[in-house]
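Colleague: I should like to learn how to read the features of a structural model. May we go through them one at a time?

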Amino acid sequence: MKFSVKPTDPKSLKADVVVIFTTEDSFLEDVMILGSQMAKVVKKAAEYECFFAKQKESLFLSTEGKIAAYKLLIAGAGKKDSLDLLKIRRIVAKNLNKAKEANPKTVAFRFPSSWYKIFGSTKLTRSAVEAVNLSSYGFEKYKGKKKERKSKPREVIINTSAGKIKSAEQGVNLGELTSQATILARNLVNEPAEETSPEHLAQIALSIEKKSKKKVKVKIFEEKDIVKLGMNAYLGVSKGSAKPPKFIRLEYKPKVVGRKIVLVGKGITFDTGGLSLKSSKGMELMKMDMAGSAAVLSVFSVLYKLSVEHHVVGLIAACENMPSSKALKPGDILKSANGKTIEVLNTDAEGRLTLADVLSYASSYEKPEIIIDMATLTGACMVALGIEIAGLWSNDKKLISKIEESAKATGEKVWHMPLEKDYEKLIESDIADVRNVEKGRYGGAITAALFLGHFVEDKISWAHLDIAGPAFYQKDAVLIPKGASGFGARLLLQFLLDL
Ligand code: BES
Ligand code: ZN
Ligand code: ZN
């Protein structure tokens, strides 16, 4: 879909459908922009159909030549004061779907000037572009008969006043990049695990390096290198699989360097549970266990096109968690890269083992100011927060606020959870430094985060995001069709842009 920004008078806009977004507070005023003749028709229809511009209400009208467009869609957004960018994204997506009923080649959006004042032109436009792209996504490459869909318009016009053209165009550019990143993440996660192997993730990283003309530098550590780095916890997880592990490092270092940030993504390309085997049901969706790494790769796929001024390193310990005669066994003790020993009592708590070594590596070799890890880490986090919200743990209050702000701006929700010291006793081991599962049944997402904390140097600001819930949707949502959500790509990009 092509996006363009046009300052044309809405009355003479050449589009098949013009969508006028409006609120309960501003409806009468907002339709005046269409000229008094058209506005009269709209008001009459509104009375007839009891339309008050509440959220989810819309009014679809023929223009009968009163304005240049073929059809007019008045899109209600409820009360102005209760609006936020996530609501706006949802309203845009819903009304685009509605507009598709007229089989349009071009659709134009017009937002009230008050929305520009509240959200800023760049953010508003960017959100609209994301809404269009993300709600129109489908993963259908393996389907013979494609799902019947209303045809997509070829062009979406953002109709705004002349003074806002530049900022709106910036918004279009940003929105296209952030949606592109999210769609890459969705595709990687939706793809079956036989395709998205550790080797495949490494190839994706190398293709990013090539496309970026080496603005992103990539290094792949092979098994022998991983052995040299002493990443035995990671190797322990990988050793049951016939596929070799790939430790992937991506680096973006602009000329003007601000701060150094390491992004870590859990990259288990399939999680059977290992010898602590999952049930068939529990395993069904475990191709998604690399969603964290998909988000990190996606960030690097567009990072160099944005004006991020920080030194960013991405780290992914990709491997499979399989049972076999060579697999890690419950009761085994692994010596991690920072020297701490881990008693493995459940081989299904594998993500934290791979992450332990990556966090140790990041602490001792990268020495960044900030580490953020993203991982589909625990079912417990889904129990706690449901499927729309990621758990957020951090040792730094400022970092928490920053991530919360990025979450707000992108609509990718997070909730701050405690690194509760009193629960440390739950992961104390009798015979090693730490155990990989908690004693008892409760607080599993917190103890997983505490476990990770053992491998991060104290002076580094660190945040852990458990994305087990929001990484994959089992039902259609407005902006996220059933399947991978691409969660995290936009959140991390926003974080880097605002830092
Ligand atoms: N990959 C899973 C967590 C997961 C579950 C992600 C459901 C997405 C959806 C993780 O490796 C795992 O198996 N965790 C165990 C930990 C337990 C053994 C302590 C869990 O959550 O059951
Ligand atoms: Zn597992
Ligand atoms: Zn896992």
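Colleague: What is the site of the zinc ion (ligand 2), given the angles among its six donor atoms?

Modeller: Some conventions come before the reply. This is a predicted model, in which local features need pLDDT of at least 70 and side-chain atom pairs count only at pLDDT 80 or more, while totals for chains, interfaces and linings use all residues. Residues are numbered from 1 along each chain as its sequence is written, chains are lettered from A and ligands numbered from 1 in the order in which they are written, and side-chain values use heavy atoms, with hydrogens and water left out.
Donors are N, O and S atoms within 2.8 Å of the metal (3.2 Å for Na, K and Ca); water is not among the atoms, so sites may look incomplete. Four donors count as tetrahedral if all angles lie between 85 and 135 degrees; four count as square planar and six as octahedral if opposite donors are over 155 degrees apart and all others between 65 and 115; anything else is irregular. The site of the zinc ion (ligand 2) has angles of 71 to 167 degrees among its six donor atoms and is irregular.

Colleague: Which protein donors does the zinc ion (ligand 2) have?

Modeller: They are Asp271 (OD), Asp348 (O), Asp348 (OD) and Glu350 (OE), at 2.0 to 2.2 Å from the ion. Along the chain, the donors of this zinc ion (ligand 2) have the spacing D-x76-D-x1-E. Distant parts of the chain are linked here: Asp271 belongs to strand 9 and Glu350 to the loop between strand 12 and helix 12, 79 residues apart. Helices (H or I, at least four residues) and strands (E, at least two) are DSSP runs, numbered from the N terminus.

Colleague: Why is the arrangement around the zinc ion (ligand 3) octahedral?

Modeller: Ideal angles are 90 or 180 degrees for six octahedral donors. Around the zinc ion (ligand 3), the six donor atoms subtend angles of 77 to 173 degrees, and therefore the arrangement is octahedral. Its protein donors are Lys266 (NZ), Asp271 (OD), Asp289 (OD) and Glu350 (OE), lying 1.9 to 2.4 Å from the ion.

Colleague: Which residue bridges the zinc ion (ligand 3) and the zinc ion (ligand 2)?

Modeller: Asp271 bridges the two ions, which lie 3.2 Å apart.

Colleague: Are Asp271, Asp289 and Glu350 buried or exposed?

Modeller: Buried means under 20% relative accessible area, exposed over 50%, and partly exposed in between (1.4 Å probe, protein chains only). Asp271 is buried, with a relative accessible area of 3%. Asp289 counts as buried at 2%, and Glu350 is buried at 1%.

Colleague: How many bridges pair strand 9 with strand 13?

Modeller: Strands of a sheet pair through backbone hydrogen bonds, either parallel or antiparallel. Two strands pair if DSSP finds at least two bridges between them. Strand 9 and strand 13 pair in the parallel sense over five bridges, with Val262 opposite Ile371. Strand 13 is also joined to strand 17 (residues 461–466) by six bridges, and these two run parallel; there Ile371 stands opposite Trp462.

Colleague: Which residues point each way from strand 13?

Modeller: In a regular strand the side chains alternate between the two faces of the sheet. From strand 13, Ile370, Ile372 and Met374 point one way, and Ile371, Asp373 and Ala375 the other way. Six of the six residues of strand 13 (residues 370–375) are buried, so the strand is largely enclosed by the rest of the structure.

Colleague: What does Lys260 contact?

Modeller: Contact means heavy atoms within 4.5 Å. Lys260 lies in strand 9 (residues 260–271) and counts as buried at 18% relative accessibility. Leaving aside neighbours within four places in sequence, Lys260 is in contact with His311, Val313, Glu366, Pro368, Glu369 and Ile370. The C-alpha atoms of Lys260 and Glu369 are separated by 5.6 Å, although these residues are 109 apart along the chain.

Colleague: How many residues has the largest nonpolar core?

Modeller: A nonpolar core is a set of buried Ala, Val, Leu, Ile, Met, Phe, Trp, Tyr and Cys residues joined through side-chain atoms within 4.5 Å. The largest has 59 residues, and Leu263 and Phe300 have the most contacts inside it. Helix 11 gives the most to this core, with nine residues.
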